[in-house]
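This report goes through a protein model from its overall make-up down to single residues. The sequence and the coordinates are shown first.

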Amino acid sequence: MLGAVILCILFSSIVNIIGNAAAKPIYDVISKSSIFSADKQMIISEYCEDMTEKARCGEYHDFLMCDNKVENLTDVLSLAEKSNPFIVGGRGVGKTALVEGLAYRIACGNVPEKIKNKKILKINISKLVVRESESQGSALTILEGIFDEVKSDQVILFIDDIGQIYKIPGILALIKNNLCNSDIKIIASATDEEYGDVLKEHNLSQDYTYVFLEEPSKFDTFRILKYLKDDIEENQNIKILDEVLMDIVNLTGRYMKNKCYPNKAVDILNLALVSAQKNLDDEIQVTRQDVVEAISKVTNMSIGDLSEDEAEILETMRDRIKKIVIGQKSAVDVVCAAVKRGRLGLCDENKPRASFLFVGPSGVGKSELAKVIGEEIGSFIDIDMLILGNKHSIENLIGSTKSKSELIEKITKNPYSVVMFDNIDSADEAELSVIYEILDRGFLTDFAGKKVDFTNAIVILAADLGDKITDSNNKEAALKELLNKNFVEKIRKSVMNNVTDVVFFNTLSKENYVKIIRGKIAKLESRLHGFGINAKVSDDVIAYICDLCCGDENLYGARAIDKIIQEDIELPISDLMMKRKLRSGEKVRCVLDGKKINFNVVNNT
């Protein structure tokens, strides 16, 4: 019995050894047969789209910008060596549209014989990147399957935004190996930034022939819109006047400078169509107002004619701000007037909507005014030049290959913003050159040479000056004298000469401090009310805080108020709440006892 068991075990082991040895050759034979072709076809259908077939079905049009660019592609594809085109251009200039135009011509047979029978398959890079993040290494396997399947099919593979795919381990070597295969052609595309950051790093010039695509002109963009208009009017029964197309071109050029023609114009046309279709009239027509509304939604900016509500908001803006920024009537008037001019479109289109140099003692409301204006018109971007003061500070403005600039990211997302360069007297020459470019030309040139638009922004330079001015009958004249003596030396005249206005901020009076303190105390009492606590701060406490802020030792002006209120009132009340000595439904009275603030809790029950 034991012998039989041993024989069975030996026989099973022999079979396993033979099976394992034979498995690889058997798998190779089967995989080369048609048995697995269905799985490969599923990969193709899931991760690729046949652009040539889409062109035959009428989904694509001929490339409308420059005929010679399509010819450039066909010429490169016909080369004996380096016959793989690499399209480089800004985001939105028409790189994908160029390949769609090639697919259209292949579908029509209007290409050289060498590529007449080819088809273009576009690889879905986004799906591959997602698949890689979900299962490490699977994207490489899928791409290997795609290359294996198309080797005998006279296929042109289109890899859009190829910079994304090179982040996947192993992809670079795989593509390089397949570029040597004469049966496969690859068209790649990338933005200018990707070309500079990723592709030069991998030294791909030996594998591709580059085709550089420039942003089309306004005239070319209008021609593209007119072509699309004819198709829309014929198939959708919507009327679009040529004047409206020109409005799209001009307004996107004015308010969407951080994006490129023709995509930004085409996007606004499509959004305007959606807006027009909401009209229930028998004859649907796209109007200038549809275009204005579409751009306003995309940019978060108010453009076009003032509505009654917006006009009222602008008219009352000055009074609202004066309740927040205390003691700076003249500064508020100057800035609010500039905001109105900019909203009405009376400013230079090639410069920021307005620019100011805020000068005054520390803690008198310069940052507060800039912040409030930012909240009124859109957003507030605060750049403290004192914090940036190191040898790498210029990278925080223009970015680098290692990191993006926070300033550029924020202004691109919210072009209608207040941008404040605080402590401008701490800026070095390189930083001042960037700021000068913004003020003089309305744009910033980033590390990659790309222009970033600031023409829809309000730019404020600010510096603390005049802390020691006390008993002057004319404080503004004293500030101007200090500005000329000490400040101009630190800031290039070219920068100062390009600001719209120099705005002088007053030293705060005792009455100003009292108003500011009362406003901040009212906000604290309101917050505590949200916890069910009735808080009341006495006038003696307010006067005590005012004396602390007005003392000669206070170098921070109104900024000290927040710190005093936090340490002397908020923290003690927080301790009472944490220790359950102050609960919801109770009252707390903050009163002064000598130089100490006492907190008397009253239980309503």
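Helices and strands are DSSP runs numbered from the N terminus, a helix taking at least four residues and a strand at least two. On that basis, G532 is placed in the loop between helix 23 (510-529) and strand 16 (534-537). The model is predicted, and local features are reported only where pLDDT is at least 70.

**Overall make-up**

The protein chain contains 25 helices and 18 strands. Of its 605 residues, 44% are buried. Taking contacts in the protein chain between residues at least 6 apart in sequence, 74% join residues that are at least 24 apart. The structure has 0 disulfides. Two of the cysteines can be described by their burial: C336 is buried because its relative accessibility is 2%, under the 20% cut-off, and C590 is buried with a value of 1%.

**The loop at G532 and a contact of helix 23**

G532 has a relative accessibility of 30%, so this glycine counts as partly exposed. Beyond its neighbours within four places in sequence, G532 is in contact with S584, G585 and E586. For G532 and E586, the separation is 54 residues along the sequence, while their C-alpha atoms are 7.5 Å apart.

N512 lies in helix 23. N512 is buried, with a relative accessible area of 13%. Once neighbours within four places in sequence are set aside, N512 contacts I326 and G327.

**Helix 13 against helix 14**

Helix 13 covers residues 263-276 and helix 14 covers residues 288-299; their axes come within 8 Å and cross at roughly 120 degrees. The crossing of helix 13 with helix 14 is right-handed. Helix 13 contributes I268, L271, A272, S275 and A276 to the contact, and helix 14 contributes D290, V291, E293, A294, I295 and V298. By type, the residues of this contact comprise 8 nonpolar, 1 polar and 2 charged.

Ahead of helix 13, the peptide bond from Y261 to P262 is cis, with omega near 0 degrees. P262 sits in the loop between helix 12 (242-255) and helix 13.

Another pairing involves Q236, a residue of helix 11 (residues 218-236). Q236 and I284 are 48 residues apart along the chain, with 9.5 Å between their C-alpha atoms. Q236 is partly exposed, its relative accessible area being 40%.

**S405 and its polar contacts**

S405 is in the loop between helix 18 (395-398) and helix 19 (406-413). What does the side chain of S405 reach at 2.9 Å? The partner is the backbone oxygen of L397. The side chain of S405 also reaches the backbone nitrogen of I408, at 3.2 Å. Both distances fall within the 3.5 Å limit for a polar contact. Apart from neighbours within four places in sequence, the residues in contact with S405 are E395, N396, L397, I398 and G399. Is S405 buried or exposed? S405 is buried, because its relative accessibility of 3% is under 20%.

**Positive phi outside glycine**

D161 has a positive phi of about 50 degrees although this residue is not a glycine. D161 is located in the loop between strand 4 (155-159) and helix 8 (162-165). With a relative accessible area of 16%, D161 is buried.

R580 is another residue other than glycine with a positive phi, here near 65 degrees. R580 belongs to the loop between helix 25 (559-578) and strand 17 (587-593). At 59% relative accessibility, R580 counts as exposed, since the cut-off for that class is over 50%.

**Accessibility of residues discussed above**

The table collects relative accessible areas and the class assigned to each residue.

| Residue | Relative accessible area | Class |
|---|---|---|
| C590 | 1% | buried |
| C336 | 2% | buried |
| S405 | 3% | buried |
| N512 | 13% | buried |
| D161 | 16% | buried |
| G532 | 30% | partly exposed |
| Q236 | 40% | partly exposed |
| R580 | 59% | exposed |

Technical notes:
Residues are numbered from 1 along each chain as its sequence is written. This is a predicted model: local features need pLDDT of at least 70, side-chain atom pairs count only at pLDDT 80 or more; totals for chains, interfaces and linings use all residues. Side-chain values use heavy atoms; hydrogens and water are left out. Axes are lines fitted to C-alpha atoms, for helices over the stretch in contact, and angles run from 0 to 180 degrees between N-to-C directions. A crossing is left-handed if the near helix is turned anticlockwise from the far one by less than a right angle, and right-handed if clockwise. Contact means heavy atoms within 4.5 Å. Ala, Val, Leu, Ile, Met, Phe, Trp, Tyr, Cys and Pro count as nonpolar, Asp, Glu, Lys and Arg as charged, and the others, Gly among them, as polar. Buried means under 20% relative accessible area, exposed over 50%, partly exposed in between (1.4 Å probe, protein chains only). A polar contact is a pair of N or O atoms within 3.5 Å; within protein, one must be able to donate a hydrogen and the other to accept it, and residues adjacent in sequence count only if both atoms are side-chain atoms. A disulfide is a pair of cysteine sulfur atoms within 2.5 Å.
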